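Biologist: I am new to this structure and should be grateful for a close look at a single part of it. Please take one helix, describe how it ends, how it is covered and how its length may be checked, and then place it beside other parts of the chain.

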Amino acid sequence: MHLKKSIYFLILFVASVSSTHCSAQLVTNGEFDQNLNNWFGFGSSTIELTDDANQGPFACKVTGRTMFWNGVAQSLDSTQLAPGTDYHIQARVKLPAEQSGIMGIILYQKDDRGERALRLGEIAVGPDEWTLLEGAFTYDPHGPIEYMFLNFDTSGDDSGSYDFQIDSITITKNEWRQAADERIEQIRKRDARINFVRRNNTAVTGIEVEAVQLSNSFAFGSALNPEVLTNPTYEEFFKTNFDWATQEYQSQWHVVERERGTEDFFFADETLDFCEENNIQTKGHALCWGQESTRPLWLDELSDSELETALEERLSSAINRFGSRVFGWDVNNEMLHHSYFADRLGESIRSWIFTRARELNADIDLFLNEFDLTISGWRADRYRTLYDSLVNDGADIAGVGFQSHFNGRMSPKGLELGLKRFEGTDARIWFTEYDTSHPDPIQRAASLEDFYRYAFSRPEADGIVMWGFWAGTHWRGADASIIDLDWTVNAAGEKYFALMDEWSTEAAGSSDAAGQFEFRGFHGSYLVTTTDGNGVVNYHLFPLEKQNADADPVAREFTATVTAINESLTLHGTDGDDLFEIDLDRPGQIVLNGTTISYENIVGVTTNIIQLQSNGGNDRIVIKTSSKTTDYLVRDKLLLNRNTRQRIFFGDVPMVEVNAGVPKSRMLLDSPVGDDVLTSFPEFSVLTTTNREITVNNFDRVIARSNSGFDQAFVFDSVGVERILTNLDVVEIFAEESSRRFQGFSEFEFNSTSGSDQLILRADESRENFRVSPESIEALVGVPTDPANQEQFRFLNVPRAAFFSNEKANTHVEIDGTDKDESIHVTSFRSLYFGQDFRYFFDKNYRSFSSLSVSDGTDHLFFLATPGDESLVVNESSIEISGDRGTFAFDNLDSAVLVSRSGGDDSALLTNPDPSIRVVGDWDFSK
């Protein structure tokens with residue numbers, strides 16, 4: 001604002017008169033108990049005393065205003081203000097009956113930078129009630145102060161020129177730094193105690209220990225510009241100094257779809273690839289944005305129904321394309337300032353965008369994002385109202401974004417006033433867009449330190465993302481950068497790196513007489529290097545997470561087992577439910593609970609031996625295989641890469657998942673000692689042991705091996721055709737290009753669904769008993785009187801089967817008939833049982849064969865005698881044939897042809913002749 005000349009002289013006059021009356025109180029006559037001394041009407045305002053006061057006898061009434069900036073003002077004596085000090089302003093304001101509006105505070109300051117009008121605070125005020133108006137500023141002079149005064153007026157967003165009353169005005173220092181540092185010490189750090197023991201659980205003293213923090217649990221990041229794709233210096237700086245990123249504009253709607261139906265995600269894809277390659281967590285910005293310059297221009301040409309369709313297409317396209325490669329999205333950016341979608345489609349569209357985004361991806365975080373929250377309590381109040389309404393409408397909001405763009409020194413009290421609006425909510429705060437524009441890099445550095453220190457001290461805050469760092473790409477130019485155009489680290493950059501050093505921990509020492517080493521550190525991941533008395537060096541990765549309210553207030557305890565293996569790496573979990581993720585294509589990192597722990601640049605660390613150790617909770621390990629065809633062995637305690645000999649030990653983690661990277665990968669799944677259960681599908685198999693659940697996914701070749709105990713295997717097939725080969729010790733299933741093999745299980749069950757699967761069973765010399773029906777083929781091996789020593793096999797719904805028995809075995813087949821038509825053919829070489837949808841073949845070596853048919857179907861037997869001696873008995877309901885091959889018995893047949901013409905001395909006894917039973921050949925009926 002440019003002041004009129006007459007007003008300017010008035011200000012100089014008042015300033016020169018009142019400066020002698022200013023004191024350490026900073027504001028004089030704030031209760032108006034000295035009439036109107038030190039106060040003047042700014043602009044066309046008239047000020048007068050009124051006895052309608054907030055407290056004391058008088059207040060000030062402001063009338064005659066014609067512009068929103070007209071108000072009541074007081075000059076400040078700059079000699080009473082300390083540069084870099086934060087100040088808190090409070091006043092009580094009141095509007096006439098039936099009047100409401102937005103009251104505000106502006107600080108006018110003229111120095112070597114010229115005249116500036118800084119909005120310090122705003123609040124919505126109702127009619128006829130005293131309301132607290134607050135604001136804050138950090139005194140930021142640049143050269144001699146020509147004049148400086150506070151003005152209480154109405155907001156430019158309101159533009160009202162109504163009368164108002166004001167009282168109880170104070171300006172006080174905000175002594176915030178010590179309390180902030182104490183909070184940082186309390187909420188961002190905790191004690192840790194490492195217990196060193198041998199495998200027999202005895203303590204080990206004298207272990208040399210060095211603990212170095214690798215990453216911070218609090219997110220420190222930056223906006224990522226496409227410059228990263230073409231500028232090697234930018235690329236190297238970013239990946240070296242930031243673990244978190246927000247795509248600056250690459251994924252915005254108007255960038256990727258300049259013309260409807262033509263999408264170009266090149267820059268978004270490429271920058272996301274860069275982040276993934278360098279272990280950087282990435283947030284998308286933004287799914288939609290109502291601002292005219294950041295929404296596709298063609299939206300204005302659409303009807304409302306077409307706009308709703310386009311919005312759905314945008315959400316589906318962006319969210320489905322990136323999936324969980326981004327950890328979250330700014331959903332509908334800056335809704336307090338831009339209401340385009342709500343204006344056209346109704347207020348409910350705002351919550352719909354959130355709920356639709358959640359439907360498209362259940363795993364990503366969804367964020368609000370807004371600016372001007374640190375200088376406007378009125379806007380912060382509206383932000384809280386928006387948050388509440390969206391949550392009440394079902395929106396799943398993971399974080400509330402506070403954009404943090406500052407002109408000149410930022411005010412910690414101003415930030416505090418904005419955050420105060422979200423007290424009592426579950427909202428997590430992200431400072432999404434920090435920068436300070438200041439021509440003096442020293443003051444820019446001081447502002448950065450104040451902001452980062454105060455923001456880091458807030459317990460509800462999860463991260464800070466600065467909105468650019470290099471002068472060459474910063475949206476606000478060099479005056480907001482921490483790195484100059486020539487890549488010199490300026491004072492602001494030096495301060496940033498000093499803070500990162502201050503908020504990182506290193507500790508060293510040795511284990512004491514109890515085998516313990518203690519230190520206090522910032523939350524994050526730690527590499528602990530240990531050296532024992534024999535010079536054996538090992539490494540441990542510890543997450544030192546935020547302390548739960550009900551946790552042990554003394555220390556976070558880990559137990560590190562001392563091992564003689566040189567250069568093994570152990571990752572210790574938290575006491576919650578942890579997710580360990582290992583990508584064997586990226587040997588220098590492990591991801592724990594979404595946070596990447598990188599150790600590739602640490603000298604001496606190898607990945608040949610990795611140990612993952614739970615510390616309580618329902619933990620899970622996910623291992624991605626390499627992009628090459630690999631061969632793995634998984635046991636209860638470890639995964640072995642049989643190509644590279646790399647070993648990953650599971651410790652006591654209860655759930656393990658191993659994923660094949662490419663076809664033709666092989667997996668040997670070896671069960672431990674004890675009673676285990678295997679459930680196997682074509683795409684995945686799950687081995688449940690007494691200690692854990694192991695899942696292997698998408699391996700073309702899976703071998704599951706039982707070592708001991710009563711292990712069970714339940715196997716399901718694909719929609720294709722499987723061929724099952726078994727000798728009841730090994731069951732092998734082939735389906736096109738994949739196979740599964742199961743060995744040594746006490747109980748095995750295969751369930752066929754395709755209708756064309758085939759079973760080939762080759763029995764050994766032991767006794768096997770089979771019970772067969774079209775729905776089930778069951779085998780029992782072992783001691784019939786001792787179930788604990790029996791092996792049971794079931795093949796369900798297999799339509800074709802061939803059974804081959806060893807001639808030395810004493811085997812038995814029992815057939816359960818159905819209510820359908822069935823036939824049984826028995827010859828010297830084989831037995832064949834078939835019906836409408838099945839066909840089972842049995843070779844000649846089965847020593848016993850019985851069939852029970854039900855009466856609803858038409859069942860037929862054809863029996864061709866062997867060359868040996870056989871005896872036939874036919875009675876009312878059964879047929880029995882005995883001979884060298886064993887005994888064959890059939891019940892409830894509707895018809896039978898029994899042929900003796902193959903030699904031997906065959907005899908027959910027909911106690912119940914039936915015309916449907918035909919006895920053919922050289923049977924001897926006299927015996």
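Modeller: Directly after helix 6 comes Gly-323, a residue with a positive phi, near 50°. The model is a predicted one, and every value given here is computed from it. Helix 6 itself comprises residues 304–322. Its length can be checked by a short calculation: at 1.5 Å a residue, its 19 residues should span 27 Å, and because the C-alpha atoms at its two ends are 27 Å apart, expectation and model agree.

The buried residues of this helix begin with Leu-307, Ala-310 and Leu-311. They continue with an unbroken run formed by Arg-314, Leu-315, Ser-316, Ser-317, Ala-318 and Ile-319, and they end with Phe-322. In an α-helix there are 3.6 residues a turn, so residues three or four places apart point the same way. The cover over the buried residues of helix 6 includes helices as well as strands. Among the helices are helix 4 (253–256), helix 5 (266–277), helix 7 (340–345) and helix 8 (349–360); the strands include strand 16 (281–289) and strand 17 (328–333).

For comparison, another helix can be viewed against a sheet. Helix 2 (residues 177–187) lies across strand 12 and strand 23, and runs at about 30° to strand 12. An open sheet of three strands, with mixed pairing, has the order 23-12-26. Strand 23 (516–522) and strand 26 (556–561) form its edges, each pairing on one side only. On average, neighbouring strands of this sheet are turned by 25° against each other, direction ignored. Strand 12 (residues 189–197) runs parallel to strand 26, and six bridges join the two. Within this pairing, Ile-194 has Phe-558 of strand 26 as its bridge partner.

The nonpolar cores complete the setting. The largest contains 105 residues, and Phe-431, Phe-451, Tyr-452 and Phe-469 have the most contacts inside it. Leaving aside neighbours within four places in sequence, Phe-469 is in contact with residues including Tyr-234, Phe-237, Phe-238, Phe-242 and Trp-487. A second, separate core has 82 residues, including Leu-584, Val-653, Phe-863 and Ile-879.

A last detail concerns a loop. Ser-752 lies between strand 46 (747–751) and strand 47 (758–762). With a relative accessible area of 4%, Ser-752 counts as buried. Its side chain makes a polar contact of 2.5 Å with the side chain of Asp-757.

Technical notes. Residues are numbered from 1 along each chain as its sequence is written. This is a predicted model: local features need pLDDT of at least 70, side-chain atom pairs count only at pLDDT 80 or more; totals for chains, interfaces and linings use all residues. Side-chain values use heavy atoms; hydrogens and water are left out. Two strands pair if DSSP finds at least two bridges between them. Helices (H or I, at least four residues) and strands (E, at least two) are DSSP runs, numbered from the N terminus. Axes are lines fitted to C-alpha atoms, for helices over the stretch in contact, and angles run from 0 to 180 degrees between N-to-C directions. Contact means heavy atoms within 4.5 Å. The expected span of a helix is 1.5 Å times one less than its number of residues. Buried means under 20% relative accessible area, exposed over 50%, partly exposed in between (1.4 Å probe, protein chains only). A nonpolar core is a set of buried Ala, Val, Leu, Ile, Met, Phe, Trp, Tyr and Cys residues joined through side-chain atoms within 4.5 Å. A polar contact is a pair of N or O atoms within 3.5 Å; within protein, one must be able to donate a hydrogen and the other to accept it, and residues adjacent in sequence count only if both atoms are side-chain atoms.
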